[in-house]
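This briefing covers two topics in turn, a sheet with the helices that pack on it, and the enclosed cavities with the residues that line them.

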Amino acid sequence: MSVPGERLDAADLLDRLLADTVRRTGASAGGIYLLDEASGTLGLAVICGVPVEVAWPWLRLPLTASVPVSDAVRENRLVWVGSQDDMARTYPRAAASLPYRFALAAAPMQGRSRCLGALLLLWPASHPAAPTRRERSHIGSAARRVAHALDEAAVPPVVPEQPRLVQLGEVGRSHGGLSPQAAVDYVERLPEGALGMDLEGRITFLTASAESLLGAGSGRLLGTRPWQSLPWLDDTVVEDHYRTAVISRDPVAFTALRPPDTWLRFQVYPDVSGISVRITPATAQEDDRPAATSASRPTGSAGSRTAQTGRLYQLVHLAAALTETVAVRDVVELIADQVLPAFGAEGLVVSAADAGRLKITGYHGYDRRTIDRLDGLPLDTDLTPAGKALADGVPSFFADPEEMARRYPHAPRISGKQAWAFLPLVISGRPVGCCILSYNEPRSFSADERAVLTSLAGLIAQALDRARLYDATRDLAHGLQQALLPRSLPALTGLETAARYLPASHGMEIGGDFYDLIRIDPTTAAAVIGDVQGHNVPAAALMGQVRTAVHATAGAPPDHVLARINRVLADLETDLLVSCLYAHIDLERQEAVVASAGHPPPLLHRPALPPLVMELDPGPLLGVDLGIPYPLTVLPLPPGTTLALYTDGLVEAPGTDIGRIADGLAQHLGRHSGEGLDRLIDLLLEQARPTGHYTDDIAMLLLRTGSPPA
């Protein structure tokens, strides 16, 4: 992979690692993503086998995104997508913007102490839908090899603004002793046209017959993309055929009309080294759907036409991504992570219309002082173009500070930016807010960019409006949730306590998880934790009633407390079930008596003993049967004992073993038993959910015994 003793910088190292990995695994394309732990995003550092434009929607990916690369890192597993059907079923958003046939693997790159990113590999459509065991092993080994090399690098690589494109190099082929000139002479003698392209779509070779059929010479065509240098091929469908060939490695055929009346048939044959195109005269009847007609050809500069299809796919991808945003924060992060790179912007301000003013809900690339000056401007402000854009509903584009200053003299001095796009966010005539993209250098906005950004503003407006409603409802729900939980825990001599409640990362419903510590007398207390079935207002209301019942019976034996709560649920005639664990703690006798109604067992660590998951004989869930007893378990509590009570959100995750996770948490508890309880809760949460993404509510109550009271 490198010459012994050769020192490579971080960029060269990544380039060589990727090219070597693609060759070793037999893949047709690949990329390396690096993890930025601070921002929780994956950035594409290097790519090969496909044009960079194909990867525009995925240059930066949040760890929480539902895409193969993020799933591989977040879940620490190899993700395999074997077909287009698999992609549409598992990752519909990605499938919408990549409607091609191919196989894909994403593998986490685990370094010595942390995950460094992910390796992404693509295979042609001809690859079997399922990988062999040997192939899985090779992919995993390749990811580990890249991670090891990155661990050993003197200077860790960083994510560039744009990913580097690596060439795979010459592919060894046998030509049977034929000289290059003989090969050229052979194709020149054929009546059809022959044209060669690299994987980025640039013409690298063409015969005289191809020049004649295309109506243009090599001096005009070499080094250009066909749809850039031949206006009659400037159609998104033509470029889509090229993308299909590059990504799927499938042969593609289509016909196009060269004005005024010459039909040509293009047969496209791709492989790892490039694309061969056969051009022959045709009739319109050879293809029921011609790729381009003189009546449908768009106009515009070559530069704007080059990006046309890419912009279209960006818009499709971003539209799909915006439908998955939930909170205002999600909308802002998606714009910062995907819209800014796609349009080359460096700054972002998203404002929401609130009580006649523009309240800034998110920003990127600005200092706090500038944001404070812009926050709260009236909707009809004339300090910046935001007010007029909202009033007229028409976007404003400014290519440089001089253009801005002619209409808004003070605006350019506010931030020091050099170009701006002010996008009004309006729904059915109602102003929702304003999205401002800004640039550090002067910039002209093409008609294509203006059209895409204007369309995108409508999608952002809908997403932002929906997200604000979600945030308001969620804040109300969680305010109610917090009101139903204890504001503080009582102090008892000889007992250290800490508690935490965490709502699910997404979802506005009220959870039914609860905890409490009830002081009975100076040396005894009742610790309780539970979970009401459901995530809605009835579940929260029932949770409040259960807590009231616990307080009313606290001090009685634990089995009696659970039995009385069970009778309360029967009297309420509710259909909801409740799990609950109740512990009567006697600090003077240094013991706890515990009863469980279908609740996860606590984690336990006692001095000089190995940590474990407490063994309990649980009774049924509350609300199931009035006549079944709840067995008691007596637990010695010598000084220094740590007991961790929790709800199932801590240990339950799709596709995981609850028992194994609980055992791992118990060992983690033992390793960090000397930490303060609040810090210990943080450590347990980090162990259970490394990404900080919670699929369910979590309640935790930790207890640690000290010396018994005198």
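**Sheet, packing helices and cavities**

In this predicted model, Asp-354 stands opposite Arg-357, a residue of strand 14. Strand 14 (residues 357-364) is joined by 7 bridges to strand 13 (residues 347-354), and the two run antiparallel. Both strands belong to an open sheet of 6 strands, and the structure also holds 9 cavities of 30 Å³ or more.

**The sheet and its helices**

- The strands of the open sheet follow the order 15-14-13-18-17-16, with antiparallel pairing.
- At the edges of this sheet lie strand 15 (377-378) and strand 16 (396-398), each of which pairs on one side only.
- Helix 13 (residues 328-343) packs on the sheet, where it touches strand 13, strand 14 and strand 18 (430-439), and its direction makes about 145 degrees with that of strand 13.
- Helix 18 (residues 447-484) also packs on the sheet, touching strand 13, strand 14, strand 16, strand 17 (419-427) and strand 18, while its direction makes about 50 degrees with that of strand 17.

**The largest cavity**

- The largest cavity has a volume of about 340 Å³, and of the 22 residues lining it, those closest to its centre are Trp-58, Leu-98, Leu-104, Leu-120 and Leu-122.
- Two or more lining residues of the largest cavity come from each of strand 1 (29-36), strand 2 (41-48), helix 2 (68-75) and strand 6 (115-123), and strand 1 gives the largest share, with 4 residues.
- By class, the lining of the largest cavity divides into 20 nonpolar residues and 2 polar ones, with no charged residues.

**The second largest cavity**

- The second largest cavity has a volume of about 160 Å³, and it is lined by 14 residues, of which Met-197, Pro-226, Phe-254, Phe-266 and Val-277 lie nearest its centre.
- At least two residues of the lining of the second largest cavity are supplied by each of strand 8 (193-197), helix 9 (226-229), helix 10 (236-248), strand 11 (262-271) and strand 12 (274-282).
- The lining of the second largest cavity consists of 14 nonpolar residues, with no polar and no charged residues.

Technical notes. Residues numbered from 1 in each chain as written. Predicted model: local features only at pLDDT ≥ 70, side-chain atom pairs only at ≥ 80, totals over all residues. Heavy atoms only, no water. Pairing = 2+ DSSP bridges. Contact = heavy atoms within 4.5 Å. Axes fitted to C-alpha atoms, helices over the stretch in contact; angles between N-to-C directions. 1 Å grid on protein atoms, 1.4 Å probe; cavity = no way out; pocket = protein on both sides within 12 Å on 5 of 7 lines; lining within 4 Å. Points joined across faces, edges and corners; volume = space filled by probe spheres on them. Nonpolar A, V, L, I, M, F, W, Y, C, P; charged D, E, K, R; others polar.
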